[in-house]
Amino acid sequence: MEKSGNTFGLPTGVWEPPAAVDPHVNDAPSGESSVYWIFAKDSPRNPTFEKRTTMLTLYFSYISPYSRKVRVVLTEKGLEFKPELTHFVDAPTKYPAVNPCRRVPVLVDGDRALFESNVILDYLLQTFPDAVGSVAPPPLSKRLVRPEHYWDDWQTLVAIETMLDSGLNLLQMRNNKITPAQSEYLRRELNRTGIILDWLEQRATPEGFIPGEFSILDLNFVISVQWAEFRGIFEWRGRPTLEKIVGRYQDRESLRTTVPESKYVH
Ligand SMILES: N[C@@H](CCC(=O)N[C@@H](CS)C(=O)NCC(=O)O)C(=O)O
């Protein structure tokens with residue numbers, strides 16, 4: 001398999017993505033070795049596209065909910081990227097140079113490597129404010145959080161993120177054959193997810209956490225609970241407003257085309 005270096009001295013092409021899984025992934029046009037089209041050239045939804053000297057690269061795993069957040073926003077914005085499929089248990093040895101935290105996702109844009117999913121989303125929103133790949137209403141938020149509701153939105157975002165982190169801990173421990181029945185800490189983690197869900201139910205509206213737009217809060221929430229359900233980690237249903245948010249967005253193209261599938265579970 002071809003290995004080529006990049007600014008970070010990373011091997012690329014080590015992890016081969018399954019063929020024809022992500023329609024938004026394209027190679028750089030041949031004959032233009034150092035110039036890449038970052039917007040889908042032929043997409044009628046992207047009449048304006050940019051010529052850049054680098055192509056976005058995403059280190060990700062198909063089953064990672066954090067990676068899915070980035071894939072959803074790349075889809076929403078119609079941005080092409082080079083996929084570097086990375087099994088997260090191999091992240092420490094496969095790409096230590098780009099992420100000291102040694103997790104996926106990582107987005108590389110030229111000489112900049114970004115880690116932490118919501119930071120990457122913030123970067124994409126700020127760097128490509130006008131890119132539109134998905135035309136379905138409501139539109140994707142322009143910002144991670146609303147300036148006029150800055151603290152409230154951040155608290156919601158952090159609560160959703162904490163719920164997902166607790167879910168990840170529960171999954172990792174389950175993989176290590178440790179369950180909440182055996183661990184007081186895991187019982188607290190499980191309990192935490194329910195408390196957060198009840199709190200979110202009070203803050204949500206049937207039109208989402210920020211009515212009028214497909215917000216980063218909605219995106220984080222839908223991805224987190226779909227992941228928890230897919231993995232059988234915690235129950236989230238039975239909260240009518242939250243159920244309405246998922247019902248509202250689950251068929252949106254960016255979410256529908258990135259939904260977790262059993263074939264990627266390893
Ligand atoms: N807070 C991070 C969490 C990322 C994360 O935990 N990713 C997992 C995969 S779902 C990972 O790479 N884990 C590495 C490991 O388990 O060592 C983010 O939002 O990006």
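This text follows strand 3 and then helix 5 through a predicted model.

Strand 3 comprises residues 57–60, and both of its faces are covered. Thr-57 and Tyr-59 lie on one side, Leu-58 and Phe-60 on the other, and all of these residues are buried. The strand also has a pairing partner in strand 4 (residues 82–85): the two run parallel and are joined by four bridges. Within this pairing, Phe-60 has Leu-85 as its bridge partner. Helix 1 (residues 65–77) belongs to the connection as well, since strand 3, helix 1 and strand 4 make a right-handed β-α-β unit. Strand 3 pairs in addition with strand 5 (residues 106–109), in this case antiparallel and through three bridges. Here Tyr-59 has Val-106 as its bridge partner.

Helix 5 covers residues 184–203. At 1.5 Å a residue, its 20 residues should span 28 Å, and the end C-alpha atoms are 29 Å apart, which agrees. Which residues of helix 5 are buried? They are Glu-189, Thr-193, Ile-196, Leu-197 and Leu-200. These residues cover an arc of only 105 degrees around the axis and therefore lie on the same side of helix 5. The general geometry is that an α-helix has 3.6 residues a turn, so residues three or four places apart point the same way.

The face of helix 5 turned away from the buried side carries exposed residues, namely Glu-184, Arg-188, Ile-195, Asp-198 and Gln-202. The buried residues, in turn, are covered by elements that include helix 4 (150–175), helix 6 (216–231) and helix 7 (240–249).

Methods:
Residues are numbered from 1 along each chain as its sequence is written. This is a predicted model: local features need pLDDT of at least 70, side-chain atom pairs count only at pLDDT 80 or more; totals for chains, interfaces and linings use all residues. A residue is buried if 20 or more other C-beta atoms lie within 10 Å of its own, exposed if 12 or fewer, and partly exposed in between; C-beta atoms are placed from the backbone. Two strands pair if DSSP finds at least two bridges between them. A crossover is right-handed if, with the strands pointing away from the viewer, the path from the first strand over the helix to the second runs clockwise. The expected span of a helix is 1.5 Å times one less than its number of residues. The arc is that of the directions from the helix axis to the C-beta atoms. Two residues are in contact if their C-beta atoms, placed from the backbone, lie within 7 Å.
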